[in-house]
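Here is my note on the model you asked me to look through, set out as numbered points. Please keep the structure open beside the text and look up each residue as it is named.

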Amino acid sequence: MTEYLYPALFALGVWWASTVLIIYLDGLPRWTFKYSMIGATVIFAISLIGLERTAGDATIAGAYWAFTFGLLAWGWQEMSFYMGYVTGSRKQPCPEDCRGWKHFGHAIQTSLYHELAIIAAAVAVVWLTWGGPNQIGMWTFMVLWWMHQSAKLNVFLGVRNLNEEFLPEHLEFLKSFLTKRSMNLLFPFSVTISTVITALLVVAAMAEGASAFERAGYTFLAVLMGLAILEHWMLVLPMPSGAIWAPGLKSRGERQPFDAEIVVGFLGAGKTTTLRRMLAEADPNVKTVVLVNDFGELGIDGSLLEGQGADVVELANGCICCSLRKDLSAQLREVVARIKPQRVLIEPSGVADVASLLRVLHEREIGDLLRSLRLYTVIDAGAFLRDFARMPEYFRLQAKLAPVFILNKTDLVTPGECETVRETLTALNPAAEILPARYGVVEAGIDTSTALTTWRETEGVDALDRGHSHGGHAGAARNGAGPAADAVAATPAEISAHRHDHNGHDHDARSHDLGAHSHGHDAHAHHPIDAGGNGNGHGHDHAHEEAAMGFSSWSRHLAGPVDAERLRQTLAVIAAGEVGEIARMKGIVRSRGGWLRFDVAGGWPSIAAHLPTPSEAPRALAIGRNLDMARLDQIFADLVAEAGPAEGRSAMAPALDAQGLRPAIVH
Ligand SMILES: Nc1nc2c(ncn2[C@@H]2O[C@H](COP(=O)(O)OP(=O)(O)OP(=O)(O)O)[C@@H](O)[C@H]2O)c(=O)[nH]1
C-alpha cells in the first residue's frame, strides 16, 4: 500500500507547499518580485535540464524527480503571470456592459502572452523528454495546464466561489472577468473529463503488471487529477476553500493600503487652514495620519493640526529637499508601517519641492500601498501676483503638477484682481480646475475626484523636476510658457544671484550668538549626506529649496510671555520690511490673556487665540530674503523682556469664528 501512499502524500505536499509559496511571494511588496522572479527562472532552467536528464530514468527515484521538475516548471508560468511579468496586452478592467465574444476576447487579451509562454514551455518540455521511457514530468506539466485552463474558463463563465482575495492588488482589474453565479454549462463537462481521466490513471497505477515506476508515476498523476476535481468542486460548493491557502496570505494581511492627499502651496497660502478644514470634515472611523514639515526647525503647523482626531507626525528637517528625500522616504515608510493609516494627509513646507515628494510617494514599499493620490494646490489670491512676479519658476513647476488650484483668501481681493489671478493660473496650467475659497473652504463645494493625480503625470513631471534640481529652474519654466506667465520669466542669472545672495547672507546669520537657531543653506552641513562634501556644506549639486529661491529662515524659542499689543505693533513693523523681505512669519506665544498664534502671510500680520498642546513652547519662525537675523533676535528678545513680570496691560486674544479658524487681522 505504501507504494501508493508515499507518492500520493508527496504529490499533495509538493503541490500545496509550492502553491502556498507562490501566493506568499506574490503578496510581498512589489519590489521583491524581481528577486522572486530571478529565483523562479533559475529553478525553471534547472527543471528543464532535470526533465531532460530524468526522461531516460524509469525508476521510482526517476518518477519522483520527474514529477517534481514538471511541477516546478509549471510554477514559473504561474509566478510570471501573478507577478505581472508575463501577462497580456490588456491591463484594464472590462466595462460593465461588455458581453459575449467581445468580453471573451478581452479576457484572452489579459493573459495572451501568458498562454503563449505556456505553449512554448509545453513544447520545450515535450521536446526535452521526447522518446524517453519516463514521461511523468511531461504529463505532470500537462495535467497542471489542464487544471489551469479548465478552472480559468469556469471562473470566467461563472462559479459560486471566485476566491478573489487571492488576486493581488496589481491584478484587481481581472475581477471584471470573473463571473459569480452558481454554475455554468462547461462545469459538468470539466468535472466529468477530470473524473474519467483520474479513474483511468488509478486503474493504470493499480494494474497487475505495473512496475514500481509506473505505480509511483501514475499515482502522482492520479493525485493531481484528483486535486483538479476537488478544485473544481470547491468553485461551486458552499464551502470556504481559501482556508487551506491561509499561510500564503500571511504576507499581505499586515499591510494597509492608504489614500494620500497632499496640500501644497506657497508660504502662508493657507495650507494648514485647508488641512484643518479637511480634518474637521473627515470620517472619524478612517484612520488618518497627518504629516507636516515646516520650513524652520521649530515647526508650528504640528501644533495647529493637533487635536483634530488624526495622528500628527512632524517630519524632521525643515524641508523636503532632494538630498533629504532619503529621510522623508524612511519616515514615511515608518509611519505607514507603524500607524497603518487608511488616509495620509501631507502638508509639505511652502518651499518644498513637490515633484520630489510625489516621487517619494511612488517609491517601492510606499507606492505599493498607495491606493489613490490627490493633490491640492493652495494659492493666496491676495499675494499670488506679487509672489509669482518674484518667483515665476517656482509657481510654474507647482502649477504644472496641479490638477486643481484652491484659490484661497478671495476675501482679500476685488473680483477684478481675482479674475487676473485666475487668468494667470489658467495660462500656467489650462487643464487645472480653479476653485475659489475662503479659509480653505471652497465656495462652490469640492468634488475631490478633481484632485486625483496619477503616476503617469508624475513621471512626466519627473523630467521637469530633474532639470529643476540641477539648477534648471529657468529652463523648465520656459517650457511651460503661457502668455501671461511669460511676461515675468526669471533668467538663470536672477536665480544664481539669489543663491549667491543667500549664501553670503547665511554666513551673516550664523555670526550672532543669541541662542537663536538660524537655518539656511549651510544647514546642509549637518546632514550626513552632505557632511562628506567640501567641508562648508556646499558639497552637492542640488539646490536647497530655500536657497534656490534666495530664502533663508530663522527660528527661536521665546523665553517668556509677550505683550499682545506690543506683538501686534512688532508684526506690523516686520511686515513693513524692517528686518528684510519677510515671505512668512509665524509663531505661538504666551500672553497674559492666554496662548496666541501669530502670522505674517502674504504681507498681512494677524494674531489669533491658540489652544496649546500639552508640551507647547513659545516659539517664532520666519522665512524671507535678506533677513536681518540679528535684528530679529533682538526684536523678540526685547518683546519678551518688555513683557516681563510687570506686564500690566491685558492682552485679550481676538475672537475666533464658529470654526475656530478665522483670526482677527490686525494692521
Ligand atoms: N483673510 C484670509 N486669511 C486666511 C485665509 N486662509 C488662511 N488665512 C490666514 O493666512 C495665514 C496663513 O495660513 P496657513 O494656513 O497657516 O498657511 P500655510 O500655507 O499653512 O503657511 P505655511 O505652512 O507657513 O506655508 C493664517 O493667519 C490664516 O489664518 C483666507 O481665506 N482669508
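1. How far apart are the end C-alpha atoms of helix α24 (residues 564-575)? Keeping in mind that this is a predicted model, we can reason from the length of the helix: at 1.5 Å a residue, the twelve residues of α24 should span 16 Å, and the end C-alpha atoms are indeed 16 Å apart, which agrees.

2. The buried residues of α24 are Ala-564, Leu-567, Thr-570, Leu-571, Ile-574 and Ala-575. Around the helix axis they cover an arc of only 130 degrees, which puts them on the same side of α24. Among the elements that cover these buried residues are the strands β11, β12 (594-601) and β13 (604-609), together with the helix α25 (629-643). Just after α24 comes Gly-577, which takes a positive phi of about 105 degrees.

3. Strand β11 (residues 581-591) contains Ile-582, and this residue deserves a careful look. Is Ile-582 buried or exposed? Ile-582 has 26 other C-beta atoms within 10 Å, and since 20 or more are needed for a residue to count as buried, Ile-582 is buried. If neighbours within four places in sequence are left aside, Ile-582 is in contact with Ile-574 and Ala-575, and also with Val-600, Ala-622 and Gly-624. Ile-574 and Ala-575 are among the buried residues of α24, while Gly-624 is 42 residues away from Ile-582 in sequence although the two are 4.4 Å apart in space, C-alpha to C-alpha.

4. Helix α17 (residues 415-428) can be checked by the same kind of reasoning: its 14 residues, at 1.5 Å each, should span 20 Å, and its end C-alpha atoms are 20 Å apart, which agrees. In α17, Val-421, Thr-424, Leu-425 and Leu-428 are buried. Seen down the axis, the buried residues of α17 fall within an arc of 100 degrees, so they line one face of the helix. On the other side of α17, Pro-415, Gly-416 and Glu-419 are exposed.

5. The ligand is surrounded by 23 residues, of which the closest are Lys-271, Thr-272, Thr-273, Gly-350 and Asp-599. The elements giving two or more residues to this shell are α10 (271-280), β11 and β12, and the largest share, three residues, comes from α10. Sorted by class, the shell holds six nonpolar, nine polar and eight charged residues. Where does the ligand lie with respect to domain 2 (258-489) and domain 3 (494-665)? Both domains give residues to the shell, so the ligand lies between them.

Methods:
Residues numbered from 1 in each chain as written. Predicted model: local features only at pLDDT ≥ 70, side-chain atom pairs only at ≥ 80, totals over all residues. Helix = DSSP H or I, 4+ residues; strand = E, 2+ residues; numbered from the N terminus. Expected span 1.5 Å × (residues − 1). Buried ≥ 20, exposed ≤ 12 C-beta atoms within 10 Å, placed from the backbone. Arc of directions from axis to C-beta. Contact = placed C-beta atoms within 7 Å. Near = placed C-beta within 6 Å. Nonpolar A, V, L, I, M, F, W, Y, C, P; charged D, E, K, R; others polar. Domains from an automatic or database assignment.
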